[in-house]
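Trainee: I have a new model open and I want to learn how to read it. Can we go through it together?

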Amino acid sequence: MNLKKILSIALVSGTLLSGTIACKSNISDADLKAKVETAVQANPGVTVEVKDGVVTLNGTANSEDEKLQIENAAKAADSKGVKSVQNNIVVNTMPPVEINTNDADLTAKVTEFTKDFPTVKTSIANGVITVTGELEQVRIQALKMGLDALNPKKVDMSGLTVK
């Protein structure tokens with residue numbers, strides 16, 4: 001009779017112990033973070049944080065569908081290790097900036113803009129504005145911001161001398 005009690009207790013204890021071990025995640029937060037980062041790496045605007053198996057996603061996405069896809073990828077990275085996902089991703093509603101590569105259009109706009117900068121010369125090739133000449137330090141930022149606002153591929157001011 002004593003043997004029956006001992007076997008029963010041993011069986012119940014073994015069942016409880018194995019159930020507890022099976023429910024516990026063996027993955028560290030750092031390892032889980034690495035798995036989730038790999039799963040969402042196609043989205044460079046997203047950062048991942050993990051604390052006690054809870055994944056927090058921050059950053060931007062281009063649509064609600066993309067936001068949901070990122071969340072699902074995070075969950076699928078380790079279905080046992082990820083307890084939950086806090087999705088703080090913001091959907092970017094601004095359209096992407098369209099680059100102006102029309103050299104004739106850029107030339108006209110640059111000529112109009114730089115008339116207030118008589119010591120500066122510009123040339124445009126393949127959507128790149130190259131600036132040469134001399135300019136006072138206090139006016140460089142205004143020149144750069146004005147040229148950037150024309151949305152060229154690039155503004156090269158390396159040939160500009162600062163007075």
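Trainee: Let me start with one side chain. Is Glu71 buried or exposed?

Mentor: First, keep in mind that this is a predicted model. Now the general idea: a residue counts as buried under 20% relative accessible area. Glu71 has 17%, so Glu71 is buried.

Trainee: Which residue does Glu71 form a salt bridge with?

Mentor: For a salt bridge, look for a side-chain nitrogen of Lys or Arg within 4 Å of a carboxyl oxygen of Asp or Glu. Here the partner of Glu71 is Lys75. Their closest N and O atoms are 3.2 Å apart.

Trainee: Where do Glu71 and Lys75 sit in the chain?

Mentor: Both are in helix H3, which covers residues 64-77. They are 4 residues apart, so about one helical turn separates them. Lys75 is partly exposed, at 39% relative accessibility. Glu71, remember, is buried.

Trainee: How many salt bridges does a search of the whole structure find?

Mentor: It finds 7. Let's read two others. Lys33 pairs with Glu37, with 3.9 Å between the closest N and O atoms. Lys109 and Asp105 meet at 3.1 Å, N to O.

Trainee: Which helices hold these pairs?

Mentor: Lys33 and Glu37 lie in helix H2, residues 29-39. Lys109 and Asp105 lie in helix H4, residues 103-113. In H2 the two partners are 4 residues apart, about one turn of the helix. The H4 partners are also 4 residues apart, about one turn.

Trainee: And how accessible are those four side chains?

Mentor: Check each value. Lys33 is partly exposed at 31%, and Glu37 is partly exposed at 35%. In H4, Lys109 is partly exposed at 38%, and Asp105 is partly exposed at 29%.

Trainee: Next, helix packing. At what angle do the axes of H2 and H3 cross?

Mentor: They cross at roughly 140 degrees and come within 8 Å. To name the arrangement, use the cut-off: only angles over 145 count as roughly antiparallel. H2 and H3 are therefore oblique to each other. Their crossing is right-handed.

Trainee: Which residues make the contact?

Mentor: From H2, Lys35, Val36 and Ala39 take part. From H3, the residues are Ala73, Ala74 and Ala77. Sort the contact by class and you get 5 nonpolar, no polar and 1 charged residues.

Trainee: Let me recap. Glu71 is buried and pairs with Lys75, and H2 crosses H3 obliquely.

Mentor: Good. Now find each of these in the structure yourself.

Note on methods. Residues numbered from 1 in each chain as written. Predicted model: local features only at pLDDT ≥ 70, side-chain atom pairs only at ≥ 80, totals over all residues. Heavy atoms only, no water. Helix = DSSP H or I, 4+ residues; strand = E, 2+ residues; numbered from the N terminus. Buried < 20%, exposed > 50% of the residue type's maximum accessible area, 1.4 Å probe, protein only. Axes fitted to C-alpha atoms, helices over the stretch in contact; angles between N-to-C directions. Parallel < 35°, antiparallel > 145°, perpendicular 65-115°, else oblique. Left-handed = near helix turned anticlockwise from the far one by under 90°. Contact = heavy atoms within 4.5 Å. Nonpolar A, V, L, I, M, F, W, Y, C, P; charged D, E, K, R; others polar.
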